[in-house]
Amino acid sequence: MSITIRRADYMDVDALVPLFDGYRQFYKWPSDETLARSFLSERLRAEEAIVFIADVDHQPVGFTLLYPSFSSTAAGRIFVLNDLFVKPDARTAGVGSALLQAAADFGRAEGAIRLTLSTAIDNTTAQAVYERMGWVRNTAFFTYNLTL
């Protein structure tokens, strides 16, 4: 099995849609490929996100999506790793780790000071991968959300 990670562009939307829709379903959102296509198309067209796609034997099996941001206190560029998804039948093959490595390599090349991510508290499988790849769980800050 050969894993290839590459930066996606607008021409990859068709390959990304079922993966993005699967990601949303993993987090209990209803399937909506029209919404997935629209959202991804706009992010890629406007260059608001960096997306890496993973192929195994020339078949798309996963992606990660980064949003550029900044840390005011550290006065530096950061990237929010907002989404990471690997199709269930491709898990345990190293795809998630390869996507995380591609994101880290990209961040370093862009001069970022860190990547940050959030995951569901019960997503222990992903947490194990993150920690194995050197990510450190934040114990100093709480995250709050305001639904608008």
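Let us start at N123, which is buried, with a relative accessible area of 13%; buried here means under 20% relative accessible area, exposed means over 50%, and partly exposed lies in between, using a 1.4 Å probe and protein chains only. This is a predicted model, in which local features need pLDDT of at least 70 and side-chain atom pairs count only at pLDDT 80 or more, while totals for chains, interfaces and linings use all residues. Residues are numbered from 1 along each chain as its sequence is written, and side-chain values use heavy atoms, with hydrogens and water left out.

N123 sits in the loop between β5 (114-116) and α4 (124-132), where helices (H or I, at least four residues) and strands (E, at least two) are DSSP runs numbered from the N terminus. Leaving aside neighbours within four places in sequence, N123 is in contact with F26 and Y27; contact means heavy atoms within 4.5 Å. Follow the chain into helix α4 and you meet Q127, which is buried at a relative accessible area of 11%. Not counting residues up to four places away in sequence, Q127 touches T119, A120, I121, D122 and R137.

The two partners of N123, F26 and Y27, lead us to the aromatic residues. Ring pairs link F20, Y23, F26, Y27, F39, F63 and F85 into a cluster. Rings of Phe, Tyr and Trp (its six-membered ring) pair if their centres lie within 6.5 Å, and planes under 30 degrees apart count as stacked, over 60 as edge-to-face and the rest as tilted. By this rule the count comes to ten aromatic pairs. One of them joins Y23 and F85 edge-to-face, at 6.5 Å centre to centre with 75° between the planes. Because Y23 belongs to helix α1 and F85 to strand β4, this pair ties together parts that are 62 residues apart in sequence. Y23 counts as buried at 13% relative accessibility, and F85 is buried with a relative accessible area of 7%.

Another pair brings F79 and F106 together: their ring centres are 5.3 Å apart and their planes stand at 65°, so the pair is edge-to-face. It links distant parts of the chain, with F79 in strand β4 and F106 in helix α3 (residues 95-109), 27 residues apart. Both F79 and F106 are buried. Back in the cluster, F39 has a charged companion: the charged end of R43 sits over the F39 ring, 4.7 Å from its centre. For this, NZ of Lys or CZ of Arg must be within 6 Å of the ring centre and within 35 degrees of the ring normal.

Now look for the second largest pocket, which is lined by F20, Y23, R24, Y27, W29, L35, F39, Y67, N82 and D83. The elements giving two or more residues to this lining are α1 (13-26), α2 (33-45) and β4 (76-86), and the largest share, three residues, comes from α1. On a 1 Å grid over the protein atoms alone, a pocket is an open set of points where a 1.4 Å probe fits, with protein on both sides within 12 Å along at least five of seven lines; lining residues have an atom within 4 Å of a point.

To finish, visit two loops. D57, between β2 (50-56) and β3 (59-71), has a positive phi near 50° although it is not a glycine, and D57 is partly exposed at 47%. T92, in the loop between β4 and α3, has phi near 70°, again positive in a residue other than glycine. T92 counts as exposed, at 88% relative accessibility.
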